[in-house]
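Here's a quick tour of a protein chain, written for someone just getting started. Have a look at the sequence and the fold first, then read on.

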Amino acid sequence: MRMRWLWILPLAVAAAIFSLSAQSQYPGGIQLPPPLDKCAHATVFGALALALDLTLRITRPDLPLYRRHLLVLAAVSLYGASDEWHQFFVPGRACEFGDWVADTTGGILALTAGSLHLLATRRLGALSWWRGERKRPDPARELILVADPHWGATLTGLDAATAAHPEADWLFLGDVFDVWVGLPGMETEGQRTFLAWVAARRAAGRWVGLWLGNREYFLDPHAARFDLMGEGIGGTLEGEALTWEHGDLINTADRQYRLWNLASRSGLLWLVFRLMPGGTARRVSAWMERKLRTTNAAYKLAFPREAFRAAAEAHPGTTFLTGHFHTREGEANGLALPWAHEGRFMVWRNGRVEDL
């Protein structure tokens, strides 16, 4: 992957930790009585966590935030354990469980603090990711755009549009279902039907992309089923003046939603869902859907016109698309697509967005 030299940074921090642990006392005869010794452990392992997170974010843009953080925490915790084992053999040092807890806690706190800027910024690279092909085999084909269908058991409009436009490619801009959790035992019959439709379209040689919205969780295991899957900002196709995102992260003033977005896509929630019995997990996802429908109404009812314009103007020379707002609105070079719940799809053809 790109910029592999960045691995020098976490390796240098890890080497510094190893060097300090190999000494019988801190440099300069510094004494760190409890709890300062635990603070020192948390600080240096927090620095290691931040260095690893930055390096993985840049060198592995295919890793979602939750998966990247879980990898970083596992690495920090394991290295902390090895560091304590190392100190067992160093005269004057000791292997302490409390120090390992401080190491791991430092990693958790550092990753949490390093994510706080995502609550109020458009610099969202830290939570954005993508996998697949950013180039369609034939850009001259129609590209059908589907935003926020919020399907349940019935995939309204999908079969009719497929039959009417069998040669078209497809791009889904998020909120495909009311809630879609990509964990074993969580998917519905409607979601399995949709994945079968995707497989059939791709088998027919059509390009199918899915950009995740605020109703999709932990779907990256399905990335190989699509030609392109991504989340956050940065949706684009090579050779086409088209950029997009779901739209839920445009309004930086909506701090309540930003906080929910971070928490609901965290490694902690992934672990909770993995440990839950299937029935309980499905009930929790249904509760999440109800909460998403009824909370934060003030921000849902008002289109954030100025924020949308700023987001669109950050992509000059392109048509910038979002879903999320359930209304057709245009600002500068940006277009918010209408709600596709009743089968109202749009199409990108000849460099323009039109009704299908």
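About how much space lies in the largest cavity? The answer is about 210 Å³. Keep in mind that this is a predicted model. The briefing below starts with the whole chain, then goes to its hollows, a helix that helps line them, and one aspartate.

**The whole chain**
- The chain has 356 residues, and 48% of them are buried.
- You'll find eleven helices and 14 strands in it.
- Its C-alpha trace spans about 75 × 45 × 45 Å along the principal axes.
- Take the contacts between residues at least 6 apart in sequence: 72% of these join residues at least 24 apart.

**The cavity**
- The structure has one cavity of 30 Å³ or more.
- Its lining is made up of 21 residues, and Leu 127, Trp 129, Glu 231, Asn 261 and Arg 265 are the closest to the centre.
- Helix H3, strand S6 and helix H7 are the elements that each give two or more residues to that lining.

**The second largest pocket**
- This pocket holds about 520 Å³ of space.
- It is lined by 18 residues, with His 69, Thr 112, Ser 266, Gly 267 and Leu 268 the closest to its centre.
- Four helices supply at least two lining residues each: H3 (65–87), H4 (97–115), H7 and H8 (267–275).

**Helix H7**
- H7 runs from 255 to 264, and it turns up in the lining of the cavity as well as that of the second largest pocket.
- Its buried residues are Tyr 257, Arg 258, Asn 261, Leu 262 and Ser 264.
- What covers them includes H3, H4, H8 and strand S6 (216–217).
- One of these buried residues, Asn 261, is also among the residues closest to the centre of the cavity.

**Asp 248**
- Asp 248 sits in the loop between strand S9 (242–244) and H7.
- Is Asp 248 buried or exposed? Asp 248 is buried, yet it has no salt bridge.
- The nearest side chain of opposite charge belongs to Arg 265, 5.5 Å away. A salt bridge needs the charged atoms within 4 Å, so this pair doesn't count as one.
- Asp 248 does have a polar partner: its side chain and that of Tyr 257 are joined by a polar contact of 2.4 Å.
- Leaving out residues up to four places away in sequence, Asp 248 touches Asn 214, Tyr 257, Asn 261 and His 324. Two of these, Tyr 257 and Asn 261, are buried residues of H7.

Technical notes:
Residues numbered from 1 in each chain as written. Predicted model: local features only at pLDDT ≥ 70, side-chain atom pairs only at ≥ 80, totals over all residues. Heavy atoms only, no water. Buried < 20%, exposed > 50% of the residue type's maximum accessible area, 1.4 Å probe, protein only. Lys, Arg positive; Asp, Glu negative; His and termini not counted. Polar contact = N/O pair within 3.5 Å; in protein donor to acceptor, adjacent residues only side chain to side chain. Contact = heavy atoms within 4.5 Å. 1 Å grid on protein atoms, 1.4 Å probe; cavity = no way out; pocket = protein on both sides within 12 Å on 5 of 7 lines; lining within 4 Å. Points joined across faces, edges and corners; volume = space filled by probe spheres on them.
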